[in-house]
Amino acid sequence: MNELRAARSLATLPVVTLGGDAVAQVKDTVFDTAAARVTGFTLSGRGLLSGPLKQSLPWRAVHCLGHDAVMIVDAGALAETPVAVARRAAQQGRVRHARVLTDEGAEVGTVLDVVVEGGTSGRVVGFRIAAGKALTQGSGRRRHRVYVPRGETLAVSGRTLVIPADAIRYVAEDLPAFAARVGAFHDGHEGTSP
């Protein structure tokens with residue numbers, strides 16, 4: 001599995017051609033929640049006073065999502081904004097702040113961020129959530145943030161995200177530990193139908 005990244009950490013990553021030219025920086029990440037994939041990025045110019053660009057970067061034009069940059073073959077990979085964000089109005093923004101419920105009806109928290117796999121996949125593999133009482137031990141006053149795998153039965157309806165009940169057994173406190181937990185979660189679900 002490639003490195004996992006929180007979607008918020010992608011903002012301001014430079015967009016760099018394979019020839020080494022920095023052509024833009026990521027402004028926002030756009031998701032198709034039904035397909036559980038990144039569909040592209042809105043962009044801003046490079047530099048402190050640069051504003052949003054009229055161009056965006058569709059995922060199909062991404063050569064690789066790396067730790068320090070989004071790599072593209074050349075500047076021709078950029079497209080008019082509606083191409084990369086066509087589904088934005090219907091999908092993006094509906095996941096953050098959504099209540100997280102298991103498919104057995106237990107509320108486990110609220111979505112803070114989306115976790116994506118780097119490299120060439122662009123898969124949404126999980127979520128960072130503000131854990132509810134069902135996932136926290138001890139004082140209810142302490143804010144507890146954890147990572148939970150997406151699962152194959154993901155459903156997003158309005159302001160609610162539904163995950164498989166057994167996904168909460170694979171919760172992790174940080175991204176490095178979460179990568180191993182995602183692998184274990186998927187290994188435990190091999191051969192099951194979504």
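**Exercise 1. In what order do the seven strands of the open sheet stand, and what is the pairing?**

Let's work through the sheet piece by piece, keeping in mind that this is a predicted model.

- Step 1: Write down the order. The open sheet runs β6-β7-β2-β3-β4-β5-β8, with mixed pairing.
- Step 2: Look at the ends. β6 (62-65) and β8 (79-80) each have a single partner strand, so one side of each has no neighbour in the sheet.
- Step 3: Recall what pairing involves. Strands of a sheet pair through backbone hydrogen bonds, in either the parallel or the antiparallel sense.
- Step 4: Find a parallel pair. β2 and β7 (residues 70-72) run parallel and are joined by three bridges. For a handle on the register, T17 sits opposite I72 in β7.
- Step 5: Find an antiparallel pair. β2 (residues 14-17) and β3 (residues 22-32) run antiparallel, again with three bridges.

**Exercise 2. Find the bridge partner of V15 in β3 and the residue opposite Q25 in β4, then work through the two hairpins.**

- Step 1: Start on β2. V15 has A24 as its bridge partner in β3.
- Step 2: Check the turn. The hairpin of β2 and β3 has four residues between the strands, and G20 takes a positive phi near 95° there.
- Step 3: Move along to the next pair. β3 and β4 (residues 37-44) are antiparallel and share seven bridges. In this pair, Q25 faces S44 of β4.
- Step 4: Check that turn too. There are four residues between the strands in the hairpin of β3 and β4, where A36 has a positive phi near 55°.

**Exercise 3. How many salt bridges does the structure hold?** **Take three of them and sort their residues into buried or partly exposed.**

The count is four. The cut-off you need for sorting: buried means under 20% relative accessible area, exposed means over 50%, and partly exposed lies in between.

- Step 1: Take D28 and K27. Their closest N and O atoms are 3.8 Å apart. D28 has 26% relative accessibility, so call it partly exposed. K27, with 39%, is partly exposed as well.
- Step 2: Take R99 and E107. Here the N to O distance is 3.4 Å. R99 comes in at 38%, which makes it partly exposed, and E107 at 40% is partly exposed too.
- Step 3: Take D113 and R96, with 3.6 Å between the closest N and O atoms. This pair links distant parts of the chain: D113 belongs to β10 (residues 107-117), while R96 lies in the loop between α2 (88-91) and β9 (99-102), 17 residues apart.
- Step 4: Sort that pair. D113 has just 5% relative accessibility, so it's buried. R96, at 27%, is partly exposed.

**Exercise 4. Put some whole-chain numbers together: what share of the residues is buried, and how many helices and strands are there?**

- Step 1: Count the elements. The protein chain has three helices and 14 strands.
- Step 2: Get the buried share. Of the 194 residues, 47% are buried.
- Step 3: Add the surface. The accessible surface of the protein chain is about 9,800 Å², and carbon and sulfur atoms hold 50% of that.
- Step 4: Check contact range. Take contacts between residues at least 6 apart in sequence: 51% of them join residues at least 24 apart.

Notes: Residues are numbered from 1 along each chain as its sequence is written. This is a predicted model: local features need pLDDT of at least 70, side-chain atom pairs count only at pLDDT 80 or more; totals for chains, interfaces and linings use all residues. Side-chain values use heavy atoms; hydrogens and water are left out. Two strands pair if DSSP finds at least two bridges between them. A salt bridge is a side-chain nitrogen of Lys or Arg within 4 Å of a carboxyl oxygen of Asp or Glu. Buried means under 20% relative accessible area, exposed over 50%, partly exposed in between (1.4 Å probe, protein chains only). Contact means heavy atoms within 4.5 Å. Accessible areas come from the Shrake-Rupley method with a 1.4 Å probe; for residues, only the protein chains shown count as cover.
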